[in-house]
Amino acid sequence: MRGILLALAAGAAAFGVASSARAHAFLDHSSPAVGSSLSASPPVVVLWFTQDLEPAFSGMTVTNEAGQQVDLGNARIPGTSPAELRIGVKPLAPGTYLVSWHVVSVDTHPSEGTFTFDIKP
Amino acid sequence: MPSTLSNVGRAQLALAAALMITPIGDTLAHGFAGERFFPATILTDDPFVADEISLPQVSLNPPGPDGSQQTDIQIDLSKRVTSNFGFTIGDQWTRLRSPGLTSVGGLGPLQTGAQYQLFVDGQHQALGLLGLNATWGHTGRIEAGAPNFTTLSPSFNFGKGFGDIPRLLPYVRPLAITGNLGFDFPTRAASGSSSNPTTFNYAFALEYSLPYLECCVKDVGLRAPFNQMFPLVEVAFTTPINRGLGGQTAGTIQPGIIWAGTYFQIGAEAILPATRLTGHGYGGVVQLHFYLDDLFPRTIGKPISEWW
């Protein structure tokens, strides 16, 4: 039994290692952090992903509780950091803000997500 | 409106063509509904068509009522034909140990299935799938428990993430449930002296997505490997509904955990009998499961209809 398991595990590992492909991009972390409360308005919202992104099909918005867009519409992926997506925001008043992102990893896999952060009064 | 970045080159145009063929937000491989990712569960059939392979799944089942114990090594492949239609194929090697008897090993029955993705609702993190599975008779060793008749099993599989409930309940939002409702229709009423009843089957998996907690609810500081884990509990029951066996429900409860990586996931669950008919004691199952669409996104990981 142990031999069978080891053989299967070794084959499976080789199967996985053999590929140099990429995969779905998941949000790794962000600034402001997901669900965080800040005492001052951040100048930018930055997202870091688990995979490099395809610039033409990746973007994000930041909206306030009324659904009004408060970002500067300048979402971009820095050339030196292809797994990072950032956007500038206007000075934010106290309240809750929704970050909505959609990205496509460089192997064409799309993913999306939302989260909020708060600016304390 | 999501902002779109500039500098579209030829590579991006090629990508755009690819994305036009496979629309974003439509059916995605391996268990996405909007921002919700559903891992492949071990006991409960998944509510999505996929390009995935379990290689292998190893189960040590709890001792049965007669003291016999079964060990299975199983392989399952799921493959999309189109973005909404797929098939599955699987088989297993079984060893059956019965008290006072020599243990018997051999191949189990060949199992195949056809699946149609009824809907994917990203906004409500909901999935629905219709399946028709067949367990083929005379394709395994009968002494090891393989049947000498074919069974057809239609089912409805569903999934629902709770991410769309109000953000006032943040720590409930990572929860999700998947489930199956279905029947087994044997093509032979009896095998020798034993009846082959039609059965009603139902299974559920309740999972707590730590990746969803981290990405979409609150960054509580989890890092790898914990931010890729899904604690879960699965239950599955089967109840005969005819041929004099009504009410003899068998089932298991399986608490465990799944870790989902970029190209594969690993799952481990305890197997606890839920009824006296199922057995006693406990068992366990482990599974190594690969995402073919992530491993081979430009070749065999695509739906077959997009190979040419």
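Of the 121 residues in chain A, 48% are buried. The structure you are looking at is a predicted model, so each residue comes with the predictor's own confidence score, called pLDDT. Let's walk through chain A, its sheet, the nonpolar cores, the aromatic rings and a few unusual spots in the backbone.

**Chain A at a glance**

- Chain A holds one helix and seven strands.
- Starting at the N terminus, you meet the elements in the order α-β-β-β-β-β-β-β.
- Look at the contacts in chain A with a separation of 6 or more: residues 24 or more positions apart account for 60% of them.

**How confident is the prediction for chain A?**

- The mean pLDDT of chain A is 85, and 82% of the residues score at least 70.
- Which elements of chain A have the lowest and the highest mean pLDDT? Helix α1 (residues 2-17) has the lowest, at 46, while β5(A) has the highest, at 97.
- Along residues 10-22 of chain A the pLDDT is below 50. In the model, this stretch still has 25 contacts beyond near neighbours in sequence.

**An open sheet in chain A**

- Four strands of chain A form an open sheet in the order β2-β7-β6-β4, and their pairing is mixed.
- Why is one side of β2 (37-38) and of β4 left without a neighbour in the sheet? Both strands stand at the edges and each has a single partner strand, so there is no neighbour on the other side.
- β4(A) and β6(A) run antiparallel and are joined by five bridges.
- To find a bridge partner yourself, start at A:V62 and look across to A:V99 in β6(A).

**The nonpolar cores**

- The largest nonpolar core has 30 residues, and the members that touch the most others are A:V45, A:L47, A:F49, A:V62, A:L85 and A:F117.
- Both chains take part in this core: β3 (44-49), β4 (59-63), β5 (84-88), β6 and β7 of chain A, along with α2 (210-217) of chain B, each supply at least two residues.
- Which element gives the largest share of this core? It is α2(B), with six residues.
- Another core lies apart from this one; it has seven residues, including B:F32, B:F230, B:L232 and B:I258.

**Aromatic rings**

- A pair of aromatic rings is described by how far apart the centres are and by the angle between the planes.
- Over all chains, the count of aromatic pairs is 16.
- One of them is the stacked pair of A:Y97 and A:F117, with 5.8 Å from centre to centre and 25° between the planes.
- A:Y97 belongs to strand β6 (residues 95-104) of chain A and A:F117 to strand β7 (residues 110-119), so this pair ties together parts that are 20 residues apart in sequence.
- Are A:Y97 and A:F117 buried or exposed? Both are buried.
- In chain B, the ring centres of B:F183 and B:F185 are 5.9 Å apart and the planes meet at 25°, so this pair is stacked too.
- B:F183 is partly exposed, with a relative accessible area of 33%, and B:F185 is also partly exposed, at 39%.
- Ring pairs also link A:F26, B:F32, B:F37, B:F230 and B:Y291 into a cluster.
- B:R36 lies over the face of the B:Y212 ring, 4.1 Å from the ring centre.

**Backbone spots worth finding**

- The peptide bond between A:S31 and A:P32 is cis, with omega near 0°. You will find A:P32 in the loop between β1 (27-31) and β2 of chain A.
- Another cis peptide bond joins B:A224 to B:P225, where omega is about 5°. B:P225 is in the loop between α2 and β14 (229-240) of chain B.
- B:Q125 is not a glycine, yet its phi is positive, near 50°. This residue lies in the loop between β7 (111-121) and β8 (126-135) of chain B, and B:Q125 is buried, with a relative accessible area of 2%.
- B:H138 also has a positive phi, near 60°, in a residue other than glycine. B:H138 is in the loop between β8 and β9 (151-161) of chain B and is exposed, with a relative accessible area of 56%.

Conventions
Residues are numbered from 1 along each chain as its sequence is written. Chains are lettered from A and ligands numbered from 1 in the order in which they are written. This is a predicted model: local features need pLDDT of at least 70, side-chain atom pairs count only at pLDDT 80 or more; totals for chains, interfaces and linings use all residues. Side-chain values use heavy atoms; hydrogens and water are left out. Rings of Phe, Tyr and Trp (its six-membered ring) pair if their centres lie within 6.5 Å; planes under 30 degrees apart count as stacked, over 60 as edge-to-face and the rest as tilted. Buried means under 20% relative accessible area, exposed over 50%, partly exposed in between (1.4 Å probe, protein chains only). A charge sits over a ring if NZ of Lys or CZ of Arg is within 6 Å of the ring centre and within 35 degrees of the ring normal. A nonpolar core is a set of buried Ala, Val, Leu, Ile, Met, Phe, Trp, Tyr and Cys residues joined through side-chain atoms within 4.5 Å. Two strands pair if DSSP finds at least two bridges between them. pLDDT is the predictor's confidence in each residue, from 0 to 100. Contact means heavy atoms within 4.5 Å.
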